[in-house]
Amino acid sequence: MSDIKVRAKLEGNETVVKCLMNHPMETGLRKDSKTNELVPAHFIQEVVCKWKDQVVLTAAWSGGVSKNPYLSFKFIGGAVGDPVEVSWKDNKGESQTETSQIA
Amino acid sequence: MIDAKRRILLKGSLAAGSVGVAVAAGLLTPRLVLADWNAAAFESKDVSAALKGLLGSDAMETNDAVVVKAPDIAENGAVVPVTVETTLSDIAYIAIIASGNATPLVASFALGAAAMPFVSTRIKMGKTADVIAVVKQGDKLFSNAKNVKVTIGGCGG
């Protein structure tokens, strides 16, 4: 079980995928208000989105993407019930994957 | 003979020690494992260096077929919704740049064969600036920008 929420919906011939990930997305430039020390960088660097076995979108991110990132994209060719997989990797080597079916 | 062995032992422990120091100093952080993350482009301090690092060129043409959707006024710079869409075909890459940020390149997207030239996400903006979207078609770059006013405190000023 991962913290990624993936929703894929068929609209005409387009599949619209919306996902929400849980991640602090620290840039490494922010100071902790109490200790006045820099909060170490911790952000998602790569997101890979697959439809069946085909990679539809590969995103590379910096810490400039908002906390708990939202990502939406569209692709052509999906059918109801096809699996859509979203996975991310961050700069600390952590990763998560979630699969959902096109509705 | 004894002295020679002692030398080798000393050398060995010194080498092991320096690796330990490098790890402790953060020189060998796990980010190095992710070789395909373009550190040079994402850590660039200006827009043209970031684009050269990412897409190999900063020679881009403004094109109204590239649509950047973002609010005119963002009350909270930490969460600015941005959507990039284009009617151009055969787009391989979409990059989102917040020109006022310390490291302007925010996100880049490599589109697969089935993907439509559309991405939507939320970005952080340090101050009022242009959000620039750059799309790559063949070896040409097209861009468009949208100014977003960031009002921390949210009083619309």
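In which sense, and over how many bridges, do β2(B) and strand β4 of chain B pair? In this predicted model, β2(B) and strand β4, residues 80–86 of chain B, pair in the antiparallel sense over 4 bridges.

## Pairing around β4(B)

Two residue pairs give this ladder its register: B:V67 has B:E85 as its bridge partner in β4(B), and the bridge partner of B:V68 in β4(B) is B:V84. Strand β4(B) is also joined to β7(B), by 6 bridges and with the two strands running antiparallel, and here B:E85 stands opposite B:F118 in β7(B). B:E85 thus appears in both pairings, with B:V67 as a partner and with B:F118 opposite in β7(B).

The two faces of β4(B) can be told apart by their cover, since B:V80, B:V82, B:V84 and B:T86 make up the covered face, whereas B:P81, B:T83 and B:E85 make up the uncovered one. B:V84, the bridge partner of B:V68, accordingly belongs to the covered face, and B:E85 to the uncovered face.

## A sheet that spans both chains

The strands just described belong to an open sheet of 6 strands, with antiparallel pairing and the order β1(A)-β2(A)-β5(A)-β7(B)-β4(B)-β2(B). At its edges stand β1 (5–11) of chain A and β2 (66–69) of chain B, each of which has a single partner strand, so one side of each is left without a neighbour in the sheet. On average, and with direction ignored, neighbouring strands of this sheet are turned by 15° against each other.

The passage from one chain to the other lies between strand β5 (residues 70–76) of chain A and β7(B), which run antiparallel and are joined by 4 bridges. Within this pairing, A:L71 has B:T121 in β7(B) as its bridge partner.

## The contact between the chains

Chain B brings 31 residues to the contact, and chain A brings 30 residues. On the side of chain B that touches chain A, β6 (105–111) and β7 (115–123) of chain B each supply at least two residues, and the largest contribution comes from β7(B), with 8 residues. By residue class, this side of chain B divides into 21 nonpolar, 7 polar and 3 charged residues.

## Chain B and its helix α3

Chain B has 3 helices and 9 strands, and its elements run α-α-α-β-β-β-β-β-β-β-β-β from the N terminus on. Of its 157 residues, 32% count as buried. Among the contacts in chain B between residues at least 6 apart in sequence, 62% join residues at least 24 apart.

Helix α3 of chain B, residues 47–55, has B:V47, B:A50, B:L51, B:L54 and B:L55 as its buried residues. These cover an arc of only 95° around the axis, which puts them on the same side of α3(B). The cover over the buried residues of α3(B) includes α2 (39–42), β5 (91–98), β6, β8 (129–137) and β9 (140–150) of chain B. β6 of chain B is therefore named twice, as part of what covers the buried residues of α3(B) and as a supplier of at least two residues to the side that touches chain A. Just after α3(B), B:G56 takes a positive phi of about 85°.

Conventions: Residues are numbered from 1 along each chain as its sequence is written. Chains are lettered from A and ligands numbered from 1 in the order in which they are written. This is a predicted model: local features need pLDDT of at least 70, side-chain atom pairs count only at pLDDT 80 or more; totals for chains, interfaces and linings use all residues. Two residues are in contact if their C-beta atoms, placed from the backbone, lie within 7 Å. Ala, Val, Leu, Ile, Met, Phe, Trp, Tyr, Cys and Pro count as nonpolar, Asp, Glu, Lys and Arg as charged, and the others, Gly among them, as polar. Two strands pair if DSSP finds at least two bridges between them. A residue is buried if 20 or more other C-beta atoms lie within 10 Å of its own, exposed if 12 or fewer, and partly exposed in between; C-beta atoms are placed from the backbone. Axes are lines fitted to C-alpha atoms, for helices over the stretch in contact, and angles run from 0 to 180 degrees between N-to-C directions. The arc is that of the directions from the helix axis to the C-beta atoms.
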